[in-house]
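User: I'd like to go through this model before planning any bench work. Can you take some short questions?

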Amino acid sequence: MAGRPVTAVEICIDDVAGATIAEECGADRVEVCAALSEGGTTPSIGLVSTVLAEVSRIGVQVLIRPRAGDFVYSPAEVDVMLADIAAVRALPASAQVGFVVGALTAEGAIDTAVLSRLVTAAGRCPVTFHRAFDTLPDLPAALPVLISAGVSRVLTSGGAPTAAAGAAMLRSLVELAGDRITVLAGGSVRGSNVAPLVAETGVPEVHLRAASPVVSSAAGSATGVDYAVPRLATSPGPIRAVLEALAS
């Protein structure tokens, strides 16, 4: 990886194998999630604990999202999010951890009251605001709200379906952010597009899923009930492709 530009690479993962693959390939950080087929939810404390025990170099971010669907949360759901943050922070290796959160009002604005509680609960752990940000009507106006709340990083495609399509907005956000908050570009980032994306926008960090289909190795069901369906799992190929493109 010698000579690779200083562009941090974060891999979204949902199992321990994904974390070790990301570290072995040379990624800088992982975001630990569950239910990625639904956009991601809070992973189990067992998964977080085991990932922290298995990796030695990379940073570990933990998604805090109590359910799939929208980002408007009830008081009980906020309590769950706060409890999950506390549980992760209680782990022995929690010094490596950051949290990925997001909360909106029913009117489609950042829920600053909930966000403040989540940031406070995270303590000294860095907080990333996830792609709920991309649903907001005015991204440049929303960025200072995150900065004022103490958010360290925002994951965004620039409000577009993909980061490449949102490149112009990403460039504007990077310029507006300065050194006050980090813009993490995500949304179909691939080895084929990451170098021009970084060159055009100046984003210091990129985020990708890096998954490939995996066929089950389990024996076929003896009945009509079968859970051995193909799934997506973290693959070295897409990670290496991004790192190689950034190094060229």
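User: Is Cys33 buried or exposed?
Analyst: This is a predicted model. In it, Cys33 is buried, at 2% relative accessibility.

User: How many disulfides does the structure hold?
Analyst: Zero. Cys25 is in no disulfide, and the nearest cysteine sulfur, that of Cys12, is 15 Å away.

User: Why is there no bond between Cys33 and Cys12?
Analyst: Their sulfurs are 3.6 Å apart, which is too far for a bond, because a disulfide needs the two sulfur atoms within 2.5 Å.

User: Back to Cys25. Buried or exposed?
Analyst: Cys25 is buried, with a relative accessible area of 5%.

User: Switching to the fold. What do the strands form?
Analyst: Eight strands close into a barrel, in the order E1-E2-E3-E4-E5-E6-E7-E8, with parallel pairing. From one strand to the next, the twist averages 25°.

User: How many bridges join E4 and E5?
Analyst: Three, in the parallel sense, between E4 (residues 97–101) and E5 (residues 127–129). Phe99 has Val127 in E5 as its bridge partner.

User: Now Thr42. Where is it?
Analyst: Thr42 sits in the loop between strand E2 (29–32) and helix H2 (45–54). Thr42 counts as buried, at 17% relative accessibility, because the cut-off for buried is under 20%.

User: What does Thr42 contact beyond its neighbours within four places in sequence?
Analyst: Ala34, Leu63, Ile64, Arg65, Pro66 and Asp84. As for Arg65, its backbone nitrogen lies 2.7 Å from a polar atom of the Thr42 side chain.

Definitions and conventions
Residues numbered from 1 in each chain as written. Predicted model: local features only at pLDDT ≥ 70, side-chain atom pairs only at ≥ 80, totals over all residues. Heavy atoms only, no water. Buried < 20%, exposed > 50% of the residue type's maximum accessible area, 1.4 Å probe, protein only. Pairing = 2+ DSSP bridges. Helix = DSSP H or I, 4+ residues; strand = E, 2+ residues; numbered from the N terminus. Axes fitted to C-alpha atoms, helices over the stretch in contact; angles between N-to-C directions. Contact = heavy atoms within 4.5 Å. Polar contact = N/O pair within 3.5 Å; in protein donor to acceptor, adjacent residues only side chain to side chain.
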